[in-house]
There are 2 protein chains.
Amino acid sequence: MAQKIKLSTIAESLGLSTATISLALRDSPLVAADTRERIKEQARAMGYIYNRRAASLRTSRSGIVGVVVHDIMNPFYGEILKAIEGELDRRSHTFILSNHYDSVEKQRNFIEMLLQLGGDGVIMSPAIGTPPEDVALAENNNMPAILVARSMEGTALPTYRGDDSYGISLATNHLISLGHRTIAMVGGTDQTSTGRDRYQGYVNALRKANMEVDPDLRIPGPRSKQAGFEAAMQFLSLPQKPTAAVCWNDLVAIGFMNGIARAGLIAGQDISVTGYDDLEEASIATPALTTVWNGQEEVGRLAARALLDKLAGSHEPDGLHLIKPEMRIRQSTGPVRPRT
Amino acid sequence: MAQKIKLSTIAESLGLSTATISLALRDSPLVAADTRERIKEQARAMGYIYNRRAASLRTSRSGIVGVVVHDIMNPFYGEILKAIEGELDRRSHTFILSNHYDSVEKQRNFIEMLLQLGGDGVIMSPAIGTPPEDVALAENNNMPAILVARSMEGTALPTYRGDDSYGISLATNHLISLGHRTIAMVGGTDQTSTGRDRYQGYVNALRKANMEVDPDLRIPGPRSKQAGFEAAMQFLSLPQKPTAAVCWNDLVAIGFMNGIARAGLIAGQDISVTGYDDLEEASIATPALTTVWNGQEEVGRLAARALLDKLAGSHEPDGLHLIKPEMRIRQSTGPVRPRT
DNA sequence: CTGAAAGCGCTTACAG
DNA sequence: CTGAAAGCGCTTACAG
């Protein structure tokens, strides 16, 4: 590497000013077409690398969007991320990703870091217990925030997520229609809007069918495959002998199905199991998982668009945007069969 | 937000110079302890946000490390990423993540973007067909690169990955020791070092046991759960009626087990199946998957350390660093049982 | 121990 | 259509 190529290097080599080079490289019509081509060609030949920090310092725009979710390794967020990535790519923004693992501190560090880098905006699935000041920190420093997947109290920020309460009632109703009368709810935590809403939707569906709501049929907590797997043992030892399980999400449901399989029970035959999200994996699980489509792809795409539009100056409406979930019936649910 | 707080704002409010503020905020011993505290307190009170672009423009160091892999949603890379994240966090570097989906172009765009942002270094699992010029682009612009998971021809870059050939031979030997004589290899592509090495390891193990190598027993291609699931049908219709499958990785193996389950066959009883990687998921699969530990966590940690050490000026040795894989025997393999 | 000044590499009014 | 000059917000020699 001989020497750092910058605008002025190109300018000198061509006998032009840096202003002209700058304009030409950004396709300004202020520069004559042939000059522009000559400049671009020279830049390429010299191996010029645009210095975004310098540009961003001057313009106070960086083209960087931050995304922070609970855990990018969780395919639910992965599918949202993929949609965001697609949308951002098309409008040539870079995105910086981070997990917060539900640590408010880790999330705040990320927001600060993003601010230091001059991030244009942030898309977040807020960590449990996020104080309103932390999102205000972003907004007050001219970095708009959009929420995905989870709602947050005390903010009017644009929020994109599925209608959890409605969605889980679809799954519960499906089990009721198959004749199940003792239905457990496995997983989820009251600390997130998702957990609260899904439990509420399950309760509502039971009530509407005039079925008794037994709080002991709830096994709260599990949110991963591993935890769903372990919850199966707990489920099987429940004195009420439930014949079906409404799982909090697909991961829990898949782990749960593996768990009951260890006890020689088959989902869809011995125990009916529903998931939630309709991950890519749901349809190839054994048995194929009956679940609720939760629109990850749409959530991601709409959130990214909303942010980019906001950055472009349009005034998007704040508040909650709910995606309507849909039932996906497969093999993990079937007619009730009494447990022995 | 009243007004942008910068070093000079703090300096004026305290009757000091920006140089002193700058030094104090970075804990320089050149500033008297009490002045330093006073400055820090004032910065906090005013809501000062450090402008990294300005600093980076001046110092030409950004604290940003790029990481680009095939697909961050793939748990194999996810586990590597998690280890990198942990290491980078501890040494307060930000990391920017990207998928290349084996597109050389997408990978090159990412490298360029990183260069524009002033990235200090890059960790990559090179896309299939990456030309040496693309990594040279990084290196020549003073952004060192470290390779993970895959080797690349024509470079002497530091590379961290498992010993694929040795690892797959462990799995193959395990099946041979259980009495299997017709063993298929499912998945992987000759386009990556991983694919080539694993097939070679399988072939070597068969040869060493004086078993015939039948190229038709290879089902190349699958690298995902979905593809493993589909490959099961192909496997079951093989005229040689293999009794065991060495799968290219855990994802393929899990999909494959689900696939044969649809045909009423149970892994470990009817067909023996081995995976590769030992993902967190392997042990809770049904049945629990016999696989080869591939050290994702170590690969990530060592690669991140090597990069940070290099950035700190130490001269790490280039070349290949192999992690030694280990067998993990679970329930998906068992004594041979002839197929009907 | 603290300050004045230059410079990192861009972009943007402003002239011409 | 092109150029000269200021300035974005830091850090770093260099003085004192």
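A polar contact here is a pair of N or O atoms within 3.5 Å; within protein, one must be able to donate a hydrogen and the other to accept it, and residues adjacent in sequence count only if both atoms are side-chain atoms. The model is predicted: local features need pLDDT of at least 70, side-chain atom pairs count only at pLDDT 80 or more, and totals for chains, interfaces and linings use all residues. Residues are numbered from 1 along each chain as its sequence is written, chains are lettered from A and ligands numbered from 1 in the order in which they are written, and side-chain values use heavy atoms, with hydrogens and water left out.

**View 1. Polar contacts to the phosphates of DNA strand C.** A polar side-chain atom of B:Thr35 lies 3.3 Å from a phosphate oxygen of DNA strand C. On chain A, a polar backbone atom of A:Leu7 is 3.0 Å from a phosphate oxygen of this strand, and an N or O atom in the side chain of A:Arg26 is 3.3 Å from a phosphate oxygen.

**View 2. The protein surface near DNA strand C.** A residue is near a strand if one of its heavy atoms lies within 4 Å of it. DNA strand C is surrounded by 24 residues, the closest being A:Ser22, A:Tyr48, A:Arg58, B:Ser17 and B:Arg58. Of the atoms of DNA strand C that come within 4 Å of the protein, 73% belong to sugar and phosphate. The largest share of this surface, 4 residues, comes from α4(A). Its residues divide into 13 nonpolar, 7 polar and 4 charged (nonpolar: Ala, Val, Leu, Ile, Met, Phe, Trp, Tyr, Cys and Pro; charged: Asp, Glu, Lys and Arg; polar: the others, Gly among them).

**View 3. The protein surface near DNA strand D.** DNA strand D has 24 residues around it, with A:Ser17, A:Arg58, B:Ser22, B:Tyr48 and B:Arg58 the closest. Sugar and phosphate make up 72% of the strand D atoms that come within 4 Å of the protein. At least two residues each are supplied by α2 (18-25) and α4 (52-59) of chain A and by α2 (18-25) and α4 (52-59) of chain B; helices (H or I, at least four residues) and strands (E, at least two) are DSSP runs, numbered from the N terminus. With 4 residues, α4(B) gives the most. By class, the surface near DNA strand D has 13 nonpolar, 7 polar and 4 charged residues.

**View 4. Polar contacts to the phosphates of DNA strand D.** An N or O atom in the side chain of B:Lys6 is 2.9 Å from a phosphate oxygen of DNA strand D. Polar side-chain atoms of B:Tyr48 and B:Tyr50 lie 2.9 Å and 3.0 Å from a phosphate oxygen of this strand.

**View 5. An aromatic pair in chain A.** Rings of Phe, Tyr and Trp (its six-membered ring) pair if their centres lie within 6.5 Å; planes under 30 degrees apart count as stacked, over 60 as edge-to-face and the rest as tilted. The count over all chains is 6 aromatic pairs. A:Phe235 and A:Phe256 are edge-to-face because their ring centres are 5.0 Å apart and their planes at 90°. A:Phe235 is in helix α10 (residues 225-236) and A:Phe256 in helix α11 (residues 250-262) of chain A, 21 residues apart. Both A:Phe235 and A:Phe256 are buried (under 20% relative accessible area, against over 50% for exposed and in between for partly exposed; 1.4 Å probe, protein chains only).

**View 6. Charges over rings in chain B.** A charge sits over a ring if NZ of Lys or CZ of Arg is within 6 Å of the ring centre and within 35 degrees of the ring normal. The charged end of B:Arg198 is over the ring of B:Trp248, 5.1 Å from its centre. That of B:Lys324 is over the ring of B:Tyr166, 4.8 Å from its centre.
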